[in-house]
Every structure is written in C-alpha cells, then in structure tokens.
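Work through these exercises on cysteines, aromatic rings and pockets. Try each task before reading its solution.

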Amino acid sequence: GDCVLLAATPSEPGGDYLWSTGETTQTIEVCPNTNSVYTVTYTINGFTTPASISTVTVNPTPLVEVNDETICDGNVANLTATPSIGGGTYLWNPGGETSQTISVSPSSTTTYNVLYTLNGCEASGAGEVTVNPVPNVVIGDETICEGESVTLTATPDIIGGDFIWSNNNTTSSISVSPTVNS
C-alpha cells in the first residue's frame with residue numbers, strides 16, 4: 001500500500017532517462033503490490049548506459065486483533081494481541097508495555113490500543129475491558145423466639161443480579177425457622 005520514489009543519479013547531468021515503466025523523468029514514484037524490479041537507462045552525448053536496476057521489496061502489511069474482556073471491579077483482565085503474521089513488536093497504550101499479552105486492572109471501562117510493527121509495516125488494534133461494579137447486599141439482623149419463623153430479605157445496591165442463599169434458594173427473600181442463632 002505504500003509508494004516509493006526511485007531516483008536515477010547520473011555522474012554527468014543533462015541526459016535523457018528511460019525507465020522500464022516508460023517514464024522519462026529523473027525520478028519516478030512507484031506503488032507496487034508485489035516485489036518488483038525497475039530499470040532505467042541514461043543517454044547523454046549519444047552514449048546509453050547499461051540499464052541500472054532497482055528492486056522494490058514489498059513487505060506484507062500485518063493485521064492485529066485484540067480480545068475484549070469483562071471483569072468485576074478489582075479483578076484482572078488479560079488482553080492478547082493476535083497478529084496475522086508473527087515476529088513483530090508490540091506497543092500498548094495506555095501502559096507502554098511491549099509484550100503480546102498484558103494484564104490490566106482498570107477501575108473503569110477502558111480501551112487498550114496496541115501498535116504492532118513488522119518489517120517497518122504497522123497495524124493497530126484495540127481491546128476494551130468492561131468493568132462491572134461489585135454489588136453489595138444488605139440483610140438485616142432479626143430476633144425471634146424459638147419455634148417462630150422470620151423472612152430474610154436481601155437488598156442489593158445494584159438491581160438485576162441473581163441470588164443464591166446458603167440453602168440454595170434463589171429468591172430475594174427466604175423464610176427461615178432456625179433452632180439456634182444463625
């Protein structure tokens with residue numbers, strides 16, 4: 001996808017150029033998508049030089065993908081950059097780390113970008129770590145007389161979660177009749 005400028009540099013100026021592309025200027029811009037060979041001849045005072053050869057090597061442009069993760073606040077997420085062609089280098093932002101996999105523990109949802117470089121060609125990718133808050137649940141203390149029952153209700157500070165009590169009940173309220181303090 002890149003272009004390069006090729007320039008013929010004669011020892012004596014004032015002559016005529018002829019490139020294998022048909023162009024007749026001292027410099028040409030080429031944008032090959034595969035390895036390519038270009039030649040130029042230079043004619044001055046009736047003498048034409050042997051063809052000078054220029055090889056343009058085209059390195060493949062890599063791609064890189066990064067996984068997304070969802071964690072609870074305070075936990076650690078591992079993000080991995082997966083390139084289409086291995087052997088390059090990594091640079092993460094934020095953080096400045098240079099490994100393929102990083103471990104992060106953001107306090108809020110954060111996007112991590114990676115710049116992957118291989119043979120001078122760059123690719124970028126991004127992974128998002130979504131941070132969910134840790135809910136708190138309040139259950140009030142109750143006092144009962146032996147043989148009575150009481151209803152315990154779990155009141156979370158974040159609505160929408162699931163409940164599981166020590167007796168495997170999955171509702172927000174349970175009725176219990178303990179025979180000892182519990």
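The exercises below each give a task and then a stepwise solution.

This is a predicted model, in which local features need pLDDT of at least 70, side-chain atom pairs count only at pLDDT 80 or more, and totals for chains, interfaces and linings use all residues. Residues are numbered from 1 along each chain as its sequence is written, and side-chain values use heavy atoms, with hydrogens and water left out.

**Exercise 1. Find the disulfide and give its handedness.**

Step 1. Apply the cut-off: a disulfide is a pair of cysteine sulfur atoms within 2.5 Å. Searching the whole structure gives one disulfide.

Step 2. Name the partners. They are Cys3 and Cys31, with sulfur atoms 1.8 Å apart.

Step 3. Take the torsion. About the S-S bond of Cys3 and Cys31 it is about 105°, so the disulfide is right-handed.

Step 4. Place both ends, with strands (E, at least two residues) and helices (H or I, at least four) taken as DSSP runs numbered from the N terminus. Cys3 sits in the segment before strand S1 (4-7), and Cys31 in the loop between strand S3 (27-30) and strand S4 (36-44). The pair links distant parts of the chain, 28 residues apart.

**Exercise 2. Sort four cysteines by exposure.**

Step 1. Set the classes: buried is under 20% relative accessible area, exposed is over 50%, and partly exposed is in between (1.4 Å probe, protein chains only).

Step 2. Assign Cys3 and Cys31. Cys3 has 42% relative accessibility, so it counts as partly exposed. Cys31, at 46%, is partly exposed.

Step 3. Assign Cys72. Its 36% also makes it partly exposed.

Step 4. Check Cys121. Cys121 is in no disulfide; the nearest cysteine sulfur belongs to Cys3, 13 Å away. At 13% relative accessibility, Cys121 is buried.

**Exercise 3. Classify the aromatic pairs.**

Step 1. Apply the rule: rings of Phe, Tyr and Trp (its six-membered ring) pair if their centres lie within 6.5 Å; planes under 30 degrees apart are stacked, over 60 edge-to-face, the rest tilted. The structure holds two such pairs.

Step 2. Take Tyr17 and Tyr42. Their ring centres are 4.9 Å apart and their planes lie at 45°, so the pair is tilted. Tyr17 is in strand S2 (residues 16-19) and Tyr42 in strand S4, 25 residues apart. Tyr17 is buried at 12%, and Tyr42 is buried at 9%.

Step 3. Take Tyr90 and Tyr116. This pair is tilted, with 5.0 Å centre to centre and 45° between the planes. Tyr90 lies in strand S10 (residues 89-93) and Tyr116 in strand S12 (residues 110-118), so the pair ties together parts 26 residues apart in sequence. Tyr90 is buried at 12%, and Tyr116 is buried at 0%.

**Exercise 4. Describe the largest pocket.**

Step 1. Define the object: on a 1 Å grid over the protein atoms alone, a pocket is an open set of points where a 1.4 Å probe fits, with protein on both sides within 12 Å along at least five of seven lines; lining residues have an atom within 4 Å of a point.

Step 2. Give the volume. It is about 470 Å³.

Step 3. List the lining. It has 20 residues, with Glu142, Pro178, Val180, Asn181 and Ser182 nearest the centre. Strand S15 (150-156) and strand S16 (173-176) each supply at least two lining residues.

Notes:
Points joined across faces, edges and corners; volume = space filled by probe spheres on them.
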